[in-house]
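Me: Got a minute to go through this one with me? I'd like to get a feel for how the pieces fit together.

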Amino acid sequence: MNSSILIARKEAGTLLRSPRGLAWLVAMAVALSIFCLLLVSDTELSLLDNAQVVYDMAGLITALGALLAVILGVDALAGERDRGSLPPLLLTPVAPESILLGKLGGIVIVWAVMFVFALPYLWAVGSTGQNLMDGVAVLALFGSPVVIGFGCLALGLGARLDSSRSGLLTSLVLLLLAASPLIFGPSLRQTTVGMAFDTINPFAAAINAYDAVIIDSATVLSQWGHALVILVCLALFVLFARNAFQHLLRSGGGL
Amino acid sequence: MLVSVNELHLHRGGTPVLRGVNLALDAGDIYGLLGPNGAGKSTTIAAILGLLRPHSGTVQVLGRSPQTDARTIHRALGVLPERFGFYDWMTAPEYLDLFARLYGRHLASVEIARKLETVGLSPKPRQTIGTFSRGMRQRLALARALLPDPKLLILDEPTNGLDPRGRRELHDLLRALVGQGMGILLCTHLLDDVDRLCGRIGILMEGRTVIEGAVSDLLDNQGSRVRYRIKWSGELPSATMMPQHVSVLARDHGSWLVEIESGVPAADAWREMLFAGWPVAEVMREGGGLESLYLTMTEGRPT
């Protein structure tokens with residue numbers, strides 16, 4: 001089997017088999033369950049339009065997915081370096097590029113697991129309307145590169161900073177900043193600063209695409225501008241992760 | 001020559017860390033790399049493994065440069081770092097299987113079990129690594145290091161966490177591996193390990209090799225003879241009856257401090273003394289030898 005796939009499988013195992021990873025999945029399930037319950041049982045929230053419900057749910061899934069990707073992204077290099085399990089991996093005859101590819105593959109698998117995991121919740125709140133499939137499609141097309149991008153950013157920050165703890169803290173602050181449009185709502189985004197930030201923020205680009213496709217029934221193709229922002233950021237974050245990994249290798253690989 | 005390091009200089013963050021390290025390890029030999037904390041042992045190992053780029057000097061491993069042929073070298077290399085971690089949710093066979101595959105090998109479960117047996121590890125079925133004791137982890141790390149059937153084994157503090165029986169078993173295993181032609185670079189603070197295993201040593205101080213060579217030659221040259229305290233159980237004969245290669249350094253009430261000429265086995269000296277009528281009751285080793293050499297070379301430095 002290809003070395004990158006082996007490493008990616010191992011990374012996925014960290015989520016699916018380790019007590020820590022399983023605890024995170026349970027936490028995600030609890031968060032999604034509470035949100036779903038609120039959407040269907042709360043007097044005011046239950047009055048929301050079906051499209052709005054799917055939009056809110058897609059945003060939450062993206063945020064939780066990015067959070068999970070950040071946690072596991074930091075752990076993939078910095079966590080392993082801190083625990084001492086990275087040097088043995090670097091001392092195998094596997095090319096460094098393949099190791100990095102495996103680590104990035106792990107983030108993709110984690111998001112895939114999270115995505116499949118979230119589908120029943122999305123269905124539970126959105127199956128009565130006609131926006132469910134649009135929601136799933138837009139989440140897959142626009143949400144996936146955002147989540148994977150933040151995973152790469154966290155992986156790079158962890159490799160670049162002294163410890164996994166500082167890597168995690170910095171990544172979470174950046175994620176919180178990027179997710180601010182979701183947290184503070186549309187009013188903040190209408191300001192000059194908010195609009196300027198929106199144009200370069202991949203998270204905002206994804207939320208705007210969700211808004212246009214799910215609520216305004218725009219076509220996915222018409223969202224190419226948002227897709228461009230997301231893909232450019234993804235490319236930058238992957239390059240950052242690559243450079244940070246090379247820096248880690250040049251500085252002794254955690255030995 | 002398995003490893004050859006000549007005048008290695010290396011900077012980290014602009015600060016010179018290695019300032020002239022020399023080392024030579026042949027196949028079928030165990031080389032002890034010694035030195036106080038911060039002397040540059042781990043940095044030297046990182047340079048040998050190709051993880052750090054030298055500022056000047058040369059490093060050759062298996063006849064290749066670790067800077068340009070790291071992957072080829074890693075294929076024939078086993079490493080046990082001082083600080084090693086695992087994927088705690090895996091079982092030991094799963095862990096070895098993963099690394100075997102990363103080395104491009106597919107091992108049947110019987111072969112994996114045999115590898116674990118070689119290092120004296122027999123975990124329960126489905127027992128995850130997270131539940132292993134430190135000694136078990138040490139053995140698993142060694143099993144991983146031996147996976148590629150390496151020509152060169154680099155061990156950093158390999159007996160840490162092992163009980164006396166485990167240490168002896170490891171010594172026996174290392175001797176057997178060396179007997180098969182493997183070369184071992186042993187980085188340790190335990191002079192007893194070095195004394196028992198190493199044919200050559202190098203002592204590092206502040207990033208420099210201060211002494212390097214065959215243990216017997218170094219002890220001879222430094223006059224680092226082994227000292228013993230002998231307790232008597234009766235009347236002592238005339239001092240002229242003392243064997244020639246035993247020198248008396250101090251005489252206390254009921255015990256003497258003696259030194260044996262290098263190259264003379266201590267057991268032979270005691271036998272001669274007993275034949276000459278010396279009432280030897282107890283013999284205790286008191287420093288000297290490798291310990292004395294190490295302390296002399298690293299005098300005044302924290303260990």
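**Chain B first, then the rest**

Reply: Sure. Chain B splits into domain 1 (3-220) and domain 2 (223-297). Keep in mind that this is a predicted model.

Me: How far apart are the C-alpha centres of domain 1 and domain 2 of chain B?

Reply: Those centres sit 36 Å apart.

Me: And how many residues of each are in contact?

Reply: On the domain 1 side of chain B there are 12 residues, and they are in contact with eight residues of domain 2 of chain B. Elements giving two or more residues to that domain 1 side are α7 (191-197), β8 (200-205), β9 (208-214) and α8 (215-222) of chain B. The largest share, four residues, comes from α8(B).

Me: What's the split into nonpolar, polar and charged on the domain 1 side that touches domain 2 of chain B?

Reply: That side has 10 nonpolar, no polar and two charged residues.

Me: OK, switching to cores. Which residues have the most contacts inside the largest nonpolar core?

Reply: That would be A:L68, A:A69, A:Y210 and B:L186, in a core of 150 residues. The largest share of this core is from α3(A), with 20 residues.

Me: Why does this core lie between the two domains of chain B?

Reply: Because domain 1 (3-220) and domain 2 (223-297) of chain B both give residues to this core.

Me: Is there a second core, or what else is there?

Reply: A separate second core has eight residues, including B:Y228 and B:W278.

Me: Back to A:Y210, what does A:Y210 touch?

Reply: Leaving out residues up to four places away in sequence, A:Y210 touches A:Y55, A:A58, A:G59, A:V138 and A:F142.

Me: Now the contact between the chains. How many residues does each chain put in?

Reply: Chain A puts in 22 residues and chain B puts in 24 residues. On the chain A side, α1 (3-16), α3 (50-83) and α4 (86-90) each supply at least two residues, and α1(A) gives the most, with four residues. By class, that side of chain A has nine nonpolar, eight polar and five charged residues.

Me: Last topic, strands. Which strands does β1 of chain B join, and how do they run?

Reply: Strand β1 (residues 3-12) of chain B has five bridges to β4 (residues 56-61) of chain B, running antiparallel. Eight bridges join β1(B) to β2 (residues 15-25) of chain B, also antiparallel. For single pairs, B:V3 has B:V61 as its bridge partner in β4(B), while B:V5 stands opposite B:L23 in β2(B).

Me: What about B:G13 in the hairpin of β1(B) and β2(B)?

Reply: That hairpin has two residues between the strands, and B:G13 takes a positive phi near 60 degrees.

Terms used
Residues numbered from 1 in each chain as written. Chains lettered and ligands numbered in written order. Predicted model: local features only at pLDDT ≥ 70, side-chain atom pairs only at ≥ 80, totals over all residues. Contact = placed C-beta atoms within 7 Å. Nonpolar A, V, L, I, M, F, W, Y, C, P; charged D, E, K, R; others polar. Core = buried A, V, L, I, M, F, W, Y, C linked by C-beta atoms within 7 Å. Buried ≥ 20, exposed ≤ 12 C-beta atoms within 10 Å, placed from the backbone. Domains from an automatic or database assignment. Pairing = 2+ DSSP bridges.
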